[in-house]
Amino acid sequence: MFARFIDQKIDYDGSQLRPHFIYENFGLIGDAIIAFRGRAEVSDHLVDLEDKKENAFIYSEDMLHFLVEHFDLDLEKTVLRQRLLVAIIKETLEALIDKPIVRMGDDLYIDDRKLSVSIATKSLVSTLIHTGINIRSDNTPVAAIGLADLGLEGKVEYIGRLIVQRYGMEMEAINLAKAKVRGVF
């Protein structure tokens with residue numbers, strides 16, 4: 001599995017949550033996770049049907065984004081992978097701050113303020129995950145908190161690199177765990 005932090009700024013509007021975006025833009029073919037920094041403004045490309053029904057939108061002036069693509073079509077497995085990614089993010093951040101982070105499903109909260117957004121979906125050839133962590137919490141449509149509020153704005157790249165590395169290592173360890181056992185009858 002490829003795991004890479006992308007140094008260029010990419011503003012996320014939801015159109016990036018599509019098959020082969022990572023390959024077409026960064027040359028990584030196959031299962032991959034990338035992280036990048038940029039604003040988020042998702043309205044036209046909302047995947048969450050509940051959000052769409054409520055005319056909700058996602059907005060953040062500055063966010064650390066994670067985009068994942070796996071080339072299988074099991075959406076339940078992808079939702080479980082999404083929860084694993086969010087748990088890795090939670091563990092990583094808790095090691096850097098002195099505040100508890102609450103995970104509710106695929107969302108992270110600190111002091112009842114939303115730290116992250118996340119969605120998992122599937123395409124015709126792959127499954128996809130987007131998770132974003134607020135860096136700035138200004139002008140968000142919900143009560144939010146960001147890495148800058150936590151004193152971590154200067155560590156965004158470090159955090160991004162660590163999380164993609166940890167996720168990639170988890171996926172490799174899962175593949176090894178599947179291969180190293182014998183079947184039982």
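Strand 5 covers residues 107-110 of this predicted model. Asp 107 and Tyr 109 point one way from the strand, while Leu 108 and Ile 110 point the other way. That follows a general pattern: in a regular strand the side chains alternate between the two faces of the sheet. Here all four residues named are buried.

Strand 5 has a partner on either side in sequence. Take strand 4, residues 102-104, to begin with. It runs antiparallel to strand 5, and three bridges join the two. Met 104 has Asp 107 as its bridge partner in strand 5. The two strands form a hairpin, with two residues between them. Gly 105 sits in that turn and has a positive phi of about 65°.

Now follow the chain out of strand 5. Strand 6, residues 113-114, pairs with strand 5 in the antiparallel sense, over two bridges. Arg 113 in strand 6 is the bridge partner of Ile 110. This pairing is a hairpin too, with two residues in between. Asp 111 lies in the turn, and its phi is positive at about 50°.

Move on to helix 4, residues 156-179. Does its length fit a helix, and what span should be expected? At 1.5 Å a residue, its 24 residues should span 34 Å. The end C-alpha atoms are 35 Å apart, so the two values agree.

The buried residues of helix 4 are Val 156, Ile 159, Gly 160, Ile 163, Val 164, Tyr 167, Gly 168 and Met 171. The spacing has a general background: an α-helix has 3.6 residues a turn, so residues three or four places apart point the same way. What do these buried residues pack against? Their partners are strand 1 (2-5), strand 2 (32-42), strand 3 (58-70), strand 8 (127-134) and helix 3 (75-94).

Helix 3 holds Thr 92. Thr 92 is buried, because its relative accessible area is 4%, under the 20% cut-off. Its side chain reaches the backbone oxygen of Ile 88 at 2.7 Å. Beyond its neighbours within four places in sequence, Thr 92 is in contact with Leu 162, Ile 163 and Arg 166. Of these, Ile 163 is among the buried residues of helix 4.

One aromatic pair remains to be described. Phe 21 and Phe 26 form it, with 6.2 Å centre to centre and 70° between the planes. The pair is edge-to-face, because the angle is over 60 degrees. Both rings belong to buried residues: Phe 21 has a relative accessible area of 9%, and Phe 26 one of 15%.

Note on methods: Residues numbered from 1 in each chain as written. Predicted model: local features only at pLDDT ≥ 70, side-chain atom pairs only at ≥ 80, totals over all residues. Heavy atoms only, no water. Expected span 1.5 Å × (residues − 1). Buried < 20%, exposed > 50% of the residue type's maximum accessible area, 1.4 Å probe, protein only. Contact = heavy atoms within 4.5 Å. Phe/Tyr/Trp six-rings, centres within 6.5 Å; stacked < 30°, edge-to-face > 60°. Pairing = 2+ DSSP bridges. Polar contact = N/O pair within 3.5 Å; in protein donor to acceptor, adjacent residues only side chain to side chain.
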